[in-house]
Amino acid sequence: MQEKLQALKEDALKKVNQAENLKDLEAVRVEYLGKKGPITEVLRGMGKLSKEERPVIGELANTVRAEITRALELKKSTFEAEALNEQLRAEAIDVTLPGRPVSVGGAHLLTEIVTEIEDLFIGMGFDVKEGPEVETDYYNFEALNLPKDHPARDMQDSFYITEELLLRTHTSPVQARTMNEFKGNKSVKMICPGKVYRRDTDDATHSHQFTQVEGLYVDKNVRMSDLKGVLNQFAKQFFGEEREIRLRPSFFPFTEPSVEMDISCKVCQGKGCSVCKQTGWIEILGGGMVHPSVLEMAGYDPKEYSGFAFGMGPERIAMLKYGVDDIRHFYTNDQRFLKQYHNL
Ligand code: 2NL
């Protein structure tokens, strides 16, 4: 019996040694120490042994079981340590690797330009107002002194939705609405930025949808010199202190008299170059004194009130300021174009 136990022990220890993984170990444990294993069998059969043999065999069987258990546990902890090391190796993070860059978004160049224009006019006391892009024929045309037979109202030039509704062709209706709201009793000093629509074939300088910022100042005693002063201030702040402005006579149905404003060319300092087409001047915007009929239709007495208005295209201004050669760059969202202006 003693030899049998010794042999069992040696077999078991040998198998523990040969085990390659936790599964093998568990198999050895079940084989030798399990309920149906040989050691349990020996301990169960103790009753059949003589009085003298019983404590000797009992002790030996317990020792053998303890030794096998110890060997199993030792081997098990080796496997577990190996597994942990393997896991640590596999999950190791090389903290010296360069990080993955997180790309940061930013406002679109046009948004930046419009915001900058807004800030400059807010600084001169103007409110910023927005209005609907789907307009009535009345506010888009009629209220701005563009009667039914006016050529600018040609169906071919605007996106009509119904006979009475269209996509606004300028932001002026926002101003006409505001004047109407104030019912002729209050001064209006506002700018209105926004999208406008015209039926045009898109090319490098035309787009069927573009942006406009218009301004309006109506009060008692508003004069042409006020328009000139405000626009001069805007031009110098936006394009640089060294820029000169000049006003040329022009025509718009909603202003009388009407002007166009040029700034001196930055590229050639007014000497003449390809950017200013040899004139030394670059056209920036149009404006004038609000036509008496426009004031009257909005409920203002043109004998008591006067006003100036102007309009500009931020796309054109951005193209001039940054040398953008195609208006379509603003709408096609090519990251290579847009990213150039992220740190403005
Ligand atoms: C341009 C010229 C202009 C206006 C817009 C206006 C608005 C009201 C009354 C009178 Cl409510 N005028 N707006 C006046 C003159 C010119 O825009 O070249 N825009 C891109």
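Reader: How many salt bridges does the structure hold?

Author: Keep in mind that this is a predicted model: local features need pLDDT of at least 70, side-chain atom pairs count only at pLDDT 80 or more, and totals for chains, interfaces and linings use all residues. Residues are numbered from 1 along each chain as its sequence is written, and side-chain values use heavy atoms, with hydrogens and water left out. Take a salt bridge as a side-chain nitrogen of Lys or Arg within 4 Å of a carboxyl oxygen of Asp or Glu, and the structure's total is 17.

Reader: Lys-321 and Glu-116 pair up, so to speak; how many residues apart are they?

Author: Their closest N and O atoms are 3.4 Å apart in a salt bridge. Lys-321 belongs to helix 10 (residues 314-322) and Glu-116 to helix 5 (residues 109-122); helices here are DSSP runs (H or I, at least four residues) and strands too (E, at least two), numbered from the N terminus. That links distant parts of the chain, with a separation in residues of 205.

Reader: On to the ligand: which element gives the largest share of its shell?

Author: A residue counts as near if one of its heavy atoms lies within 4 Å. Helix 7 (172-182), strand 5 (209-219), strand 8 (281-290) and strand 9 (306-312) each bring at least two residues to the shell. The largest share is four residues, and they come from strand 9.

Reader: What percentage of the ligand's accessible area does the protein cover?

Author: Start with the ligand's nitrogen atoms: one lies 2.6 Å from a polar side-chain atom of Glu-214, and a polar side-chain atom of Gln-212 is 3.3 Å from a ligand nitrogen. There's also a ligand nitrogen 3.3 Å from a polar backbone atom of Gly-311. Alone, the ligand has 480 Å² of accessible area (Shrake-Rupley, 1.4 Å probe), and the protein's cover comes to 88%.

Reader: Any backbone oddities? Which residue follows Glu-256 across a cis peptide bond?

Author: Most residues other than glycine have a negative phi, and most peptide bonds are trans. Gln-269, in the loop between strand 7 and strand 8, has a positive phi near 55 degrees. The cis bond has omega near -5 degrees and runs from Glu-256 to Pro-257.

Conventions. Polar contact = N/O pair within 3.5 Å; in protein donor to acceptor, adjacent residues only side chain to side chain.
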